[in-house]
Amino acid sequence: MHHNAGDNATMFNGGPAMEISAAATTLLDRNRTSLSAKMSRFLGHLLQVTCFIFHIFMLVCFVWQGQKYFVFWLLVLLIFDMYAVYRLRFRDPATSTFWERSFDRCIVGWPFALFTFYGWLDFSNCFWGLNHDIQYMRWGMAFAGWMSVLSIGLSATEIDFCANTGVARDMNRSIWFTLRHLALRTSETSLRLTLFVCFWLLARPFLGDLHPKQTTLNACFNAFAICVPCIFVWFMYVLILRWASQLPGMPRESCVACCIIGYVALGPNPVMFLLDAPYYSRAARRANLGFTGLRVAEVAAIAVFAFLVWDKTFPPSCGSAGTIGPSIFTKTMIIQISVSLFPYVMLFLTTPRLSSRVFFGRGGSQTIPFSSDGTTRWLVNESPDVAMATYLINQGSGSGVLARLVPMAPVNPNIYRVEKQLGQGSYGLVVCVRQEVRGQEPKCFALKLQCTGGSSRRRERGPLRSPHVLAMRERDIYRKIWEEVDEETGRLGHPFIVRLLCYSDWPREKQLFYEGTEAPVQFFGKDEHGRATRAVTKFDSALLMEFCQEGSLEDFVPLHMRRGESDADSSGVILWVDTVRRLSAEMLLALDFLHNSKSVIYRDLKLDNIFVVLDQNGIAHAKLGDFGFSKVVSAADKPISIAGSPYFAAPEMMAMHKEMKSHATDWSLDVFSAGMAIFVMLYGAEFDTTKQHWMLAHHRKYPKQLHPTQNPTHFDHALAQMRAVHGISHHADLIKQATHTKPEQRISVVAMKDSLFFGTIEVRGRTLPAIDWNMLRHLDL
């Protein structure tokens, strides 16, 4: 028999409640998140309006200088600018934070930014060059180019925000993360643009004379020839996307979606932040590796090309008589490359979710994608309904034109991320998982993962049941509770039993990692002597349940029921007794429901398995959880196996454990454990000066333990103290009646509910009203 989590992996414990209530903490977090989100939106809107103003200014300048090529692209971009500014008043905050139509803006903004940088960095005086004798035009071109780069960077930031809930959460929490992310995307876009401009400037002298006196056909041919390498790179990106999605279970990629994503990837890499997205982490890693390899090849090709043409001269039609290399790589060009390259490399390498996942990716995942069929049995669905490129366009485009070209079904909302471990047992553990749905507050749940060995390992060891049998029993009991309507209340389940969201057969090949780390979700198995053995990272069964953020009574009592502090005055004593009455009544209601409505004997009642939740008024309520040792009882199937935990287990169960023999037991097992739980709550926590922490009654060691069979003298003395401190005897009488050594002398759960302790009582001169059992039964928690 194992203490604490034991074979059941008890938890759902979010840690001890702090002095500030959970409701207040949540409110503070929401206010902080709301403020950060508002600042992020204000930043995006301000920059959007600034871009719009600069584009209007450049349009006037280009028309005056007769730069018809630039005028055309700027007019197209301004149409989207005007629409985006107009939409600022009518936007939906749940679908967009910075821009409207992010992919549309990338498609249109990229060529304008490319031609603007080309005109700014070209000092050859060849055709399509800017008149650099007019200084305000030169600097206006530079500002226009950087504003376009910034608009593309903002668009990429918006795509990441919409496609990755982790990025969205970090942006909402921190304005500095938003600025850092924007800097990463902007420097990446600027670097990509500068490299393409370098290639164009290096390649143009070899394409013949581009003077305006040439025929239109020749000019078009030369312009197209300059673009051929760009088109080739685009084609390679499309092929990489098609290859990346050729994975088992991954839908076939749409050609249109691949072309759109491949085109956008000429600038910022749109799949960069899908590395930790549900379903698409493996495909995104393959795509990112392919993109990275191709980009390295691009830089190498430009370097080789620059080396070959460095000392060659410009053609006569160009106004420059110098050599190509020094004329192109001017001080301005070097500064432009430097301010783009170094920030990008530094930000990329210092972003954990990028560098480590691209180059040192692992086969596991930080998410659990459940697929619901309308019942409590869900599937862990590792295969998405749509391909990666299609998903990215629809998530990032919002209401854009491109989203209509690539339609997509609704996204599965049942995606959960692993936050932290809550506890573990001998054949499983419980982790806290978070569900994030766009436009809603994140919700936390408790996920119980079990490694039972499957049905092939059903061999029983004497009176002990195998992990598989215990896990299947727990699943069946949860189903019996949460899939059947209670005749008395007309509702599913029970208000004082931890709610089951779903159960699932876990795919053994799926390995989980904690969010934002390389730490695997694992527990350490135990041998027959209780010693830790190997780490277990593969599971075969899962239960998804509500998360009780206040933890269990094991955490609640040391915080709120301290001997010498909580009972220092009459008001403290009254609050203590009233709280114990309410929590005990709720525990008994749950046991009564299990015994008399579901024919379930619990067999492991202890403070670790009684969890605490707060209602809307901040009042604590109890919920039973962890049914690993529970059993459905019938005339043909009596409870005869070993179960329970030391101190709380009935004497007959402890005797079975000592002898390692099976014996028939009955419902009184739960009565004894309930009496001990009420005693521990009423006795409270006392400060251990040796270990400097608050200790509960069941933590005492021999010969100071307080137990009705192991040390009845000390136990009776503790009950006498309760009578004296509280001024009543009803609670001590109830505990004595429930903890008799002989099972036949114990009262039933129904009789416990009829105790005078739950009626109208007077404590320290104040009258406490009787427990309203009907109101408790219909409570909605």
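Let me start at Leu-781, which lies in the segment after α23, the helix spanning 773-777. I should say at once that what we are looking at is a predicted model, and everything I say about positions and distances is to be taken in that sense. With a relative accessibility of 24%, Leu-781 counts as partly exposed, because the buried class ends under 20%. If we set aside the neighbours within four places in sequence, Leu-781 is in contact with Pro-495, Phe-496, Arg-499, Val-613, Asp-615, His-621 and Lys-623. There is also a C-alpha separation to note here: Leu-781 and Gln-616 are 165 residues apart along the chain, and yet their C-alpha atoms are separated by 9.0 Å.

From there I would like to move to the strands, beginning with β1, which covers residues 367-371. Of its 5 residues, 4 are buried, so strand β1 is largely enclosed by the rest of the structure. Strand β1 is joined to β3 by 3 bridges, and the two run antiparallel; within that pairing, Thr-367 stands opposite Arg-417 of β3. Strand β1 is also joined to β2, residues 379-380, by 2 bridges, again in an antiparallel arrangement, and here Ser-371 has Leu-379 of β2 as its bridge partner.

Strand β3 comes back when we turn to the aromatic rings. A pair of aromatic rings is described by the distance of the centres and the angle of the planes. For rings with centres within 6.5 Å, the count in this model comes to 18 aromatic pairs. In one of them, Tyr-416 and Phe-445, the ring centres are 5.7 Å apart and the planes stand at 85 degrees, so the pair is edge-to-face. This pair links distant parts of the chain, since Tyr-416 belongs to strand β3, residues 415-424, and Phe-445 to strand β5, residues 443-450, with their positions 29 residues apart in sequence. Both Tyr-416 and Phe-445 are buried.

A second pair, Phe-523 with Phe-539, is stacked, with 6.1 Å from centre to centre and 25 degrees between the planes. Phe-523 lies in strand β7, residues 523-526, whereas Phe-539 lies in the loop between β8 (532-536) and β9 (541-546), so the pair ties together parts that are 16 residues apart in sequence. Phe-523 counts as buried at 2% relative accessibility, and Phe-539 is buried as well, with a relative accessible area of 1%.

Beyond these pairs, Tyr-478, Tyr-602 and Phe-627 form one aromatic cluster. There are also two arginines to point out over ring faces: Arg-286 lies over the face of Trp-243, at 4.2 Å from the ring centre, and Arg-563 lies over the face of Tyr-683, at 4.0 Å from the ring centre.

I will finish in strand β5, which holds Phe-445 and also Lys-448. Is Lys-448 buried or exposed? At 1% relative accessibility, Lys-448 counts as buried, and its side chain makes a polar contact with the side chain of Glu-474, at 2.8 Å. As for annotation, UniProt places the feature "binding site" at Lys-448, and I would stress that this comes from an unreviewed entry, where annotations may be inferred rather than shown by experiment.

Note on methods: Residues numbered from 1 in each chain as written. Predicted model: local features only at pLDDT ≥ 70, side-chain atom pairs only at ≥ 80, totals over all residues. Heavy atoms only, no water. Phe/Tyr/Trp six-rings, centres within 6.5 Å; stacked < 30°, edge-to-face > 60°. Buried < 20%, exposed > 50% of the residue type's maximum accessible area, 1.4 Å probe, protein only. Lys NZ or Arg CZ within 6 Å of the ring centre and 35° of its normal. Pairing = 2+ DSSP bridges. Polar contact = N/O pair within 3.5 Å; in protein donor to acceptor, adjacent residues only side chain to side chain. Contact = heavy atoms within 4.5 Å.
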